[in-house]
Structures are given as C-alpha cells and as structure tokens.
Amino acid sequence: MSEMRTPLSRVRGLGSAKKGTEHFWLQRVTALANIPLAVFFVSAMVAHAGADYVTVTAFLSRPIVALVMLLLIFSMVWHMRLGLQVVIEDYIHGHMAKLLALILNTFFALAVGTSSVLAILKLTLA
Amino acid sequence: MSDTADKTVNGETRQRPLSPHIQIYRWTLTMFLSILHRATGVALYAGTLLLVWWLMAAATGPEAFALFQGVAGSWIGRLVLFGYTWALFHHMFGGIKHFIWDTGAGFELSAVEWISRGATVIPILLTLISWVLAYKFMGAF
C-alpha cells in the first residue's frame with residue numbers, strides 16, 4: 001500500500017511523503033537519548049570550567065568519555081537536523097528556497113557531526 | 001498557496017478570511033513556552049558551532065585551545081555560554097514536558113499549568129546551580 005504513488009509523483013516529491021511517523025519517532029528517540037547525554041556533557045563542562053589544555057585533553061581522550069561524547073554527537077546532530085527540518089518546512093514556502101534550506105540543514109548537521117567525531121577520535125586515539 | 005486558489009472565476013483576488021494569529025490571543029504560559037522551545041532549539045542548533053570549535057581546538061593543540069578559552073572566558077563569551085546553558089536546560093525540560101503529554105497524561109488545566117511552571121523554573125534553577133558550581137570549580141570561592 002505504501003507504493004501507490006506513480007514514479008513521477010515520487011520524483012516530484014510533492015504532498016505527504018508518509019514519513020511523518022518515522023520523523024516523529026526518531027525525534028522522540030533522539031530526544032530521550034539526549035537527556036542523559038546532555039546531563040553528562042553539562043556536568044563535564046562544569047567540572048572542567050577554567051581547566052587547562054592538558055587536563056581537558058586528558059579527560060576527552062579517556063575511552064569512556066570519548067564514547068559518551070560520540071554518542072552525544074550522533075544523537076544531538078540527528079535530533080537537531082530533524083528539528084530544524086520542521087522549522088524550515090513551517091516558515092519557508094518557496095519550493096526552491098525550501099529545498100535549498102533542507103539541503104543546507106543536512107550539510108550543516110553532517111559538518112558539525114563529522115568535525116566533532118574527527119576531533120574526538122584524534123584526541124582519544126592519539 | 002498556489003496562485004489560482006485565491007482567484008475568483010473572473011480572475012479577481014478573493015479576500016480570504018485569516019485565522020487569528022499570536023497578536024490576537026491573550027498570552028498564556030503554554031504558548032510562550034511553545035515559542036521558547038522552538039527558539040531555544042534553533043539557538044542550540046547554531047551553538048553547536050561552539051562545541052565544534054571547542055573540540056577542534058582541543059584536538060589541534062595548546063595555542064588553538066588557548067584562543068578558544070580566551071574567547072569563551074571573556075565576559076561576552078561567558079554570557080553566551082550562560083545563555084547556552086539555559087537554552088539547553090530549557091529545551092530539555094520542554095522535551096520532558098512533551099514526553100509527559102505524549103503519554104496522554106497531564107492534560108487537566110491545572111496539570112498543564114503546573115507542568116509548564118516547572119518547565120520554566122527548573123531550567124533557570126539548574127542553570128544557576130551549574131554556574132555557581134562552575135565558578136566554584138574555577139576557584140572563585
């Protein structure tokens with residue numbers, strides 16, 4: 001039943017793409033994951049307020065810290081991409097402008113995610 | 001809205017009735033929080049650039065990290081980070097509020113009000129506690 005649309009209809013991508021439930025669900029799942037991850041992050045930031053370079057890099061290079069930071073990045077970036085997608089769809093109505101904004105949203109999320117992951121891996125694998 | 005939907009058969013523009021918007025309604029805490037939830041979400045989105053900068057600086061070396069610390073430690077840097085802390089807690093408790101409502105619970109008007117008040121006050125308290133602790137860790141007192 002999910003493939004009742006013609007190929008042309010799907011290519012045009014107009015109307016509901018029937019992705020709403022998946023979007024809603026992933027938004028909630030990442031939100032739930034973000035709670036403990038963000039609490040960890042804020043606690044770590046507070047505990048390292050004003051800490052010097054050696055202390056901070058030693059902390060970030062610990063495998064368990066790097067692991068939690070990676071999970072935080074994945075969940076947070078995913079969540080924020082879903083969230084801004086809704087904002088874009090609500091306020092930007094021009095077809096090309098909306099398409100461009102949605103693509104830039106994906107690019108931004110990927111750029112934030114990959115650069116953060118790269119930094120964390122460099123610190124923990126060094 | 002397509003171009004044809006607002007035209008009459010004669011091609012004249014039809015004056016469509018407009019639904020009431022935010023300037024019409026009396027302000028309520030729930031609608032204020034709804035707007036703030038989106039605003040803090042967008043602010044947190046932009047603020048991830050700070051997180052990237054912090055991580056990249058730490059991964060790059062002492063000079064890059066010192067530059068970040070210099071900016072983050074300035075009064076305007078601290079103001080932005082304070083705002084970011086509040087936005088994070090506010091968005092988090094806004095999310096928890098929605099989790100409660102997702103279960104179908106807490107929709108009695110009194111419950112809605114109390115949940116909303118909690119989602120307003122608790123993030124402010126947690127932000128203040130975090131910053132008092134941060135200054136304590138920095139040896140301010």
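In this predicted model, the buried residues of helix α4 of chain A pack against three helices of chain A, namely α2 (20-47), α3 (53-61) and α5 (95-125), and they also pack against α1 of chain B. The buried set in α4(A) comprises A:Met69, A:Leu72, A:Ile73, A:Ser75, A:Met76, A:Val77, A:His79, A:Met80, A:Arg81, A:Gly83 and A:Leu84. An α-helix has 3.6 residues a turn, so residues three or four places apart point the same way. A reader who follows the helix from A:Met69 through A:Leu72 and A:Ile73 to A:Met76, and on to A:Met80, will find each of these residues buried.

The length of this helix can be checked against its residue count. Helix α4(A) covers residues 63-91, and at 1.5 Å a residue its 29 residues should span 42 Å, which agrees with the 42 Å that separates its end C-alpha atoms.

One of the partners of α4(A) can be followed in detail. The axes of α3(A) and α4(A) lie 5 Å apart and the two helices pack at an angle of about 75°, which means that α3(A) is roughly perpendicular to α4(A). At this contact A:Phe59, A:Leu60 and A:Ser61 of α3(A) meet A:Val65, A:Ala66 and A:Met69 of α4(A), and by class these residues are 5 nonpolar and 1 polar, with no charged residue. A:Met69 therefore has two roles in the description, since A:Met69 is among the buried residues of α4(A) and also takes part in the contact with α3(A).

The contact between the chains involves 23 residues of chain B and 23 residues of chain A. On the side of chain B that touches chain A, the elements that give two or more residues are α1 (29-60), α2 (62-73), α3 (75-102) and α4 (109-137) of chain B, and α1(B) gives the most, with 12 residues. That side of chain B consists of 17 nonpolar, 5 polar and 1 charged residues.

Between the chains, helix α2(A) also meets α3(B). The axes of these two helices come within 10 Å and cross at roughly 150°, so that α2(A) runs roughly antiparallel to α3(B), and α2(A) passes α3(B) in a left-handed crossing. Here A:Ala31, A:Ile35, A:Ala38 and A:Val42 of α2(A) meet B:Thr85, B:Leu88, B:Met92 and B:Gly95 of α3(B), a group made up of 6 nonpolar and 2 polar residues with no charged one.

How values were computed
Residues numbered from 1 in each chain as written. Chains lettered and ligands numbered in written order. Predicted model: local features only at pLDDT ≥ 70, side-chain atom pairs only at ≥ 80, totals over all residues. Contact = placed C-beta atoms within 7 Å. Helix = DSSP H or I, 4+ residues; strand = E, 2+ residues; numbered from the N terminus. Nonpolar A, V, L, I, M, F, W, Y, C, P; charged D, E, K, R; others polar. Expected span 1.5 Å × (residues − 1). Buried ≥ 20, exposed ≤ 12 C-beta atoms within 10 Å, placed from the backbone. Axes fitted to C-alpha atoms, helices over the stretch in contact; angles between N-to-C directions. Parallel < 35°, antiparallel > 145°, perpendicular 65-115°, else oblique. Left-handed = near helix turned anticlockwise from the far one by under 90°.
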